[in-house]
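Me: I've got a two-part job for you: look at the fold below and tell me what justifies the labels people put on it. Keep it casual, but show the reasoning.

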Amino acid sequence: MSGDFGWFVPVVLSVISASTPLLLAATGELVTEKSGVLNLGIEGMMLVGAVVGFAVTLSTGSAGLGILAAALAGAGMALAFAILTQILLANQVATGLALAILGTGLSALIGKGYVGVALQPLPKLTLPLLSGLPVIGPILFHQDVLVYGSFAFVAGVSWFLYHSHAGLVLRAIGDSHHAAHAIGYSVVAIRFAAILFGGAMSGLAGAYMSLAYTPMWAENMTAGRGWIALALVVFATWRPARLLLGAYLFGGITILQLHVQGLGLAIPSQFLSMLPYLATILVLVLISRDAARIRLNAPACLGKHFHASG
Amino acid sequence: MRRRTFNKLLGATVATAALGRVGLARAADPFKAGFIYVGPVADFGWSHQHDLGRQAAQDALGDKIKTTFVESVKEGPDAERVIHELAAAGNGIIFTTSFGFMNPTIKVAKQFPKVYFEHATGYKQADNVSTYNIRFYEGRYIQGVIAGKLSKSGVVGYIGSVPIPEVVMGMNSFMRGMRTVNPNGKMKIVWINGWYDPGKESDAAKALIDQGADMIAQHTDSAAPLQVAEQRGVQGFGQASDMIKFAPKAQLTSSIDHWGDYYTQRVQAAMDGSWKSQDVWGGLAAGMLKMAPYTNMPDDVAKAAQDAEDGIKSGKIVIFSGPINDQDGKPKVVEGQALSDSQVLGMDWLAEGIEGTLPK
């Protein structure tokens, strides 16, 4: 652990694993919110994704199937949310909170038989030559599929929202569902798709927790990360690139404060534990000074009901 | 000790409403004993171990008793309702197994003077309320001896939950054990300010390993730190239950909470009328704390661990006997003296060799 960069690589690797679940879940929520729907149930969808991913991986021996099942499970939870809020027009905030609570209980129920069972961590993908490079190799070219996926999804979503026609339609619906409806777009169908995508991404975030981060199932193992992902979307002012920044800032400070404690610096650990949240609030305050910039990116119809009258 | 009171308990009301009536329909022939747990029995930690204790009592006493449990009960008003229900349902003895159940237990005990109550980890007794706890710190001493022998860097990483005497005495005990074999042994501490967050526990373990620790000890509930130790090729110790499945190469031993014998004795005493209010703080000698097999270490280290275990059992080793200095080198206990139980229970200083701070 000595040498110039000896400490650097493991610290960066820790930051990556702390940030990846946040990034995955927040990317999904960003798309959902861009379509004008606020789904507060990320925590519940993540937990169900985590337990289903774990169970399927354990019983089939295939992490690929486990990841797929986790995404489907997250999407399944989101489907219930979509039906309630888009067809039955239930209140989105209340339904989202109910989804979070339901997911906590449901995942505990599904997971009853999996407590105390160990699993091999998700294999890392290696590239010949590149993975062997010093410093860069282990950081950039020796990660598991979900870490690469998290970056790919940010890039993909960014392209989709701002460079594709479908993305333009999605944003239009989020900003003015009546106008979009009037020119013939199916608001409900597109919002369904956005909600399901958000659920699937939360499921993937859960799978990362139970298959790679800490390869086990334990009740409530996400420990509030779903709520942080939710805050990150606001933090990022609904821009995918800033989401990447926010997730890594948060993950970075989380890891940093543990290292500061280990070094024995006389700063109260409660204060250090608070730091990531403090940083989030601080950035939110700074961003909020410029209200126009937020309004530019925030979906104007966020959380509002749409009912096609007539 | 307060255990996980967050999301896990959201389903508590529903669960207790359903489970609170388990076993009530049966004929009242066998003596009834009730248990309430703060977490789910599947937590693989605190509540899980209490439930193993209940099962042991049921197995030992067979048809003569009928045990009932209610899991995931929130500390507070909900607990009072559940304890009341168990008492009203004809349980002759009721075990309330979390620190936060203390006041509800005392309150319900007043209303049911003929029912015996047993409260774990608390400090309030009454004519029909006993308290009981385990000297978890004894296991830490043995872990310290093992770490002192095996650590190449001489640095142990210790993941703390919350800075209360229960946790602090464990750290100091570990350090005492370690320094008997390695006078220069050091401990680094990271607090996660909670009992349970697998992700954060594993991050803390990684941070400690990155800073040179090659032994990981924890006072948190999940097996995540041991998993990290396994992946990083260092070693560590399990907590509350045997976690060898998570770390077949990394786990050296684990301090296992063992409530079964105590539960059997107390239910038996309640049945034959010899039950008396008492305050029990039992450890290795009482069989309330057991060590998982000493694995993944050479024979001489296993022997040193066994010797420490025997020494604590026989009373030859008194863990908090002087001289003990605090982390600034100031004497805390002078030679020839030892800390009393009440001093141990109020411990608010870190022993020499521990780096890191005790949040005040």
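**Strands, helices and the other chain**

Reply: Start with one strand pair: β4 (residues 116-120) and β5 (residues 129-134) of chain B run parallel and pair over 4 bridges. Bear in mind that this is a predicted model.

Me: What makes β4 and β5 of chain B a pair?

Reply: The cut-off is at least two DSSP bridges between two strands. β4(B) and β5(B) have 4 bridges, so they count as paired. For one concrete bridge, take B:Glu118, whose partner in β5(B) is B:Ser130.

Me: What else packs around there?

Reply: Helix α3 (residues 77-88) of chain B packs on the sheet and touches β1, β2 and β3 (93-96) of chain B. The direction of α3(B) makes about 170° with that of β1(B). Helix α2 (residues 46-61) of chain B lies across β1 (31-36) and β2 of chain B, at about 165° to β2(B).

Me: Which strands make up the open sheet, and in what order?

Reply: The sheet has 6 strands with parallel pairing, ordered β2-β1-β3-β4-β5-β11 in chain B. From one strand to the next, the twist averages 20°.

Me: Why are β2 and β11 of chain B called edge strands?

Reply: β2 (65-70) and β11 (279-282) of chain B each pair on one side only, and that is what earns them the name.

Me: How do you know how compact chain B is?

Reply: Chain B has 11 helices and 15 strands. Its radius of gyration is 21 Å, close to the 21 Å from the globule rule for 360 residues, so chain B is as compact as a globular protein of that length. The C-alpha box along the principal axes is roughly 60 × 45 × 40 Å.

Me: What makes a residue of chain B buried, and what percentage of the chain is?

Reply: The test is 20 or more other C-beta atoms within 10 Å of the residue's own. In chain B, 57% of the 360 residues are buried.

Me: How many residues of chain B are in contact with chain A, and what counts as contact?

Reply: Contact here needs C-beta atoms within 7 Å. On that basis, 37 residues of chain B are in contact with 38 residues of chain A. On the chain B side, β7 (186-191), α7 (198-210) and α8 (224-232) are the elements giving two or more residues. The largest share, 10 residues, comes from α7(B). By class, that side of chain B has 15 nonpolar, 12 polar and 10 charged residues.

Terms used
Residues are numbered from 1 along each chain as its sequence is written. Chains are lettered from A and ligands numbered from 1 in the order in which they are written. This is a predicted model: local features need pLDDT of at least 70, side-chain atom pairs count only at pLDDT 80 or more; totals for chains, interfaces and linings use all residues. Axes are lines fitted to C-alpha atoms, for helices over the stretch in contact, and angles run from 0 to 180 degrees between N-to-C directions. Two residues are in contact if their C-beta atoms, placed from the backbone, lie within 7 Å. Ala, Val, Leu, Ile, Met, Phe, Trp, Tyr, Cys and Pro count as nonpolar, Asp, Glu, Lys and Arg as charged, and the others, Gly among them, as polar. The radius of gyration is taken over C-alpha atoms; the globule rule is 2.2 Å times the number of residues to the power 0.38. A residue is buried if 20 or more other C-beta atoms lie within 10 Å of its own, exposed if 12 or fewer, and partly exposed in between; C-beta atoms are placed from the backbone.
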